[in-house]
Amino acid sequence: MPPRADLTRRAVAEALGTALLLAAVVGSGIMAERLAGGNVALALLANTVATGAALVALILTFGPISGAHLNPAVTLVDASQGGLSWREAPAYISAQVTGAFAGVAVAHVMFGEALFSASRRERSGLAQMASEFVATFGLLAVIWGVRRRASAVPFAVGAYITAAYWFTSSTSFANPAVTLARAASDTFAGIRPADAPGFIVAQLAGAAVATLAFRWLVPALPEVADRVVDRVLPEDIP
């Protein structure tokens with residue numbers, strides 16, 4: 001199969017997976033806020049459970065096709081370690097960002113909201129930036145740390161993000177594509193567009209530092225980078 005065809009299929013998988021992830025994050029946020037009767041803790045709990053469960057399911061679904069990065073930060077650090085070629089990284093990232101906005105639009109349509117609307121939810125300040133650094137550092141630490149048991153990655157990532165919703169003040173976006181798309185959602189899951197750049201810088205820094213740390217802790221990291229999630233070529237799927 002020509003490499004371009006394979007990359008196209010992987011990019012579509014990344015777009016679909018990221019779209020479904022954002023539909024779960026934003027949709028569950030809207031549903032939770034409507035049903036929680038003003039109880040923010042209950043709304044956040046519902047949002048958390050839905051997001052963690054969706055992540056496990058989506059990584060299991062799309063991991064065998066594309067690796068289920070669903071996150072530009074993961075794509076960039078995976079490329080830095082040779083798990084993905086730099087030539088392929090732009091296709092992944094473009095698909096993730098496009099899919100993220102599509103997922104927000106789908107969630108809004110399902111709940112009768114405007115297709116896109118700039119969020120007014122403030123998430124600014126050092127505490128929020130530090131939280132995003134820690135959240136993304138931890139996410140990549142988990143991914144690199146369980147790399148030799150790729151079948152455990154979906155459950156480890158889902159569990160970590162579920163926990164990070166509660167131990168970070170930012171509720172753990174940990175994903176530049178998610179951050180950009182949530183800036184277009186004036187709902188429970190939103191973030192002001194003005195606050196998004198700070199989140200993205202912190203996320204990329206956290207991912208880079210985690211990768212450098214594990215590159216030192218595990219010198220053989222580049223040899224197993226392509227096994228972060230078990231990925232098979234489309235022609236290998238029965």
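**Surface patch**

I began with the nonpolar patch on the surface of this predicted model, which is formed by L42, L45, V49 and W166 and has about 390 Å² of accessible area when the four are taken together. I then asked which helix gives the most to the patch, and found that helix α2, covering residues 40-66, contributes three residues. I looked up L42 individually: it lies in helix α2, and because its relative accessibility is 44%, L42 counts as partly exposed.

**Salt bridges**

I noted eight salt bridges in the structure, and I followed several of them residue by residue.

The first one I opened was the pair of D6 and R10, where the closest N and O atoms are 3.0 Å apart. Both residues belong to helix α1 (residues 3-35), and because they are four residues apart there, about one helical turn separates them. I also checked their exposure, and D6 and R10 are both buried. The pair does not stand by itself, since D6, R10, R87 and E88 are linked in a network of salt bridges.

Next I turned to R121, which forms a salt bridge with E33 at 3.8 Å between the closest N and O atoms. This pair links distant parts of the chain, with R121 in the loop between α4 (89-110) and α5 (126-145) and E33 in helix α1, 88 residues apart. For the exposure of the two partners, I recorded that R121 is partly exposed, with a relative accessible area of 30%, and that E33 counts as partly exposed too, at 41% relative accessibility.

I then looked at R120 and D186, whose side chains meet in a salt bridge with an N to O distance of 2.6 Å. R120 lies in the loop between α4 and α5, whereas D186 lies in the loop between α7 (176-182) and α8 (196-217), so this bridge ties together parts that are 66 residues apart in sequence. R120 is exposed, with a relative accessible area of 68%, while D186, at 25% relative accessibility, counts as partly exposed.

**D195 and the loop between α4 and α5**

I stayed with the loop between α7 and α8, because D195 lies there and counts as buried at 7% relative accessibility. What does D195 touch, if residues up to four places away in sequence are not counted? I found R121, E122, R123 and S124; R121 is the residue whose salt bridge with E33 I had noted above.

**Nonpolar core**

I moved inward to the largest nonpolar core, which has 54 residues, and wrote down those with the most contacts inside it: L21, L22, V26, L139, L140, V157 and I161. Helices α1, α2, α3 (72-80), α4, α5, α6 (153-167), α7 and α8 each supply at least two residues of this core, and the largest share, eight residues, comes from α1.

I took I161 as one entry to follow further, and, leaving aside its neighbours within four places in sequence, I161 is in contact with T51, L55, L139, S172 and A174.

**Helix α5**

I checked the length of α5, which has 20 residues and reaches 28 Å from its first C-alpha to its last, close to the 28 Å expected at 1.5 Å a residue. I also listed buried residues of this helix, among them Q128, S131, E132, A135, T136 and G138, as well as L139 and L140, which I had already met among the residues with the most contacts inside the core.

**Backbone angles in two loops**

Most residues other than glycine have a negative phi, and with that in mind I looked at two residues in loops.

L70 has a phi near 55°, a positive value in a residue other than glycine. This residue lies in the loop between α2 and α3, and at 2% relative accessibility L70 counts as buried.

A174, also not a glycine, has a positive phi of about 55°. I placed A174 in the loop between α6 and α7, where I asked whether it is buried or exposed. A174 is buried, because its relative accessible area is 1% and the cut-off for buried is under 20%. A174 is also one of the contacts I had listed for I161.

Methods:
Residues numbered from 1 in each chain as written. Predicted model: local features only at pLDDT ≥ 70, side-chain atom pairs only at ≥ 80, totals over all residues. Heavy atoms only, no water. Patch = residues over 30% accessible without salt bridge, like charges linked within 9 Å, V, L, I, M, F, W, Y side chains within 5 Å. Areas by Shrake-Rupley, 256 points an atom, 1.4 Å probe, with all protein chains shown as cover. Buried < 20%, exposed > 50% of the residue type's maximum accessible area, 1.4 Å probe, protein only. Core = buried A, V, L, I, M, F, W, Y, C linked by side-chain atoms within 4.5 Å. Contact = heavy atoms within 4.5 Å. Expected span 1.5 Å × (residues − 1).
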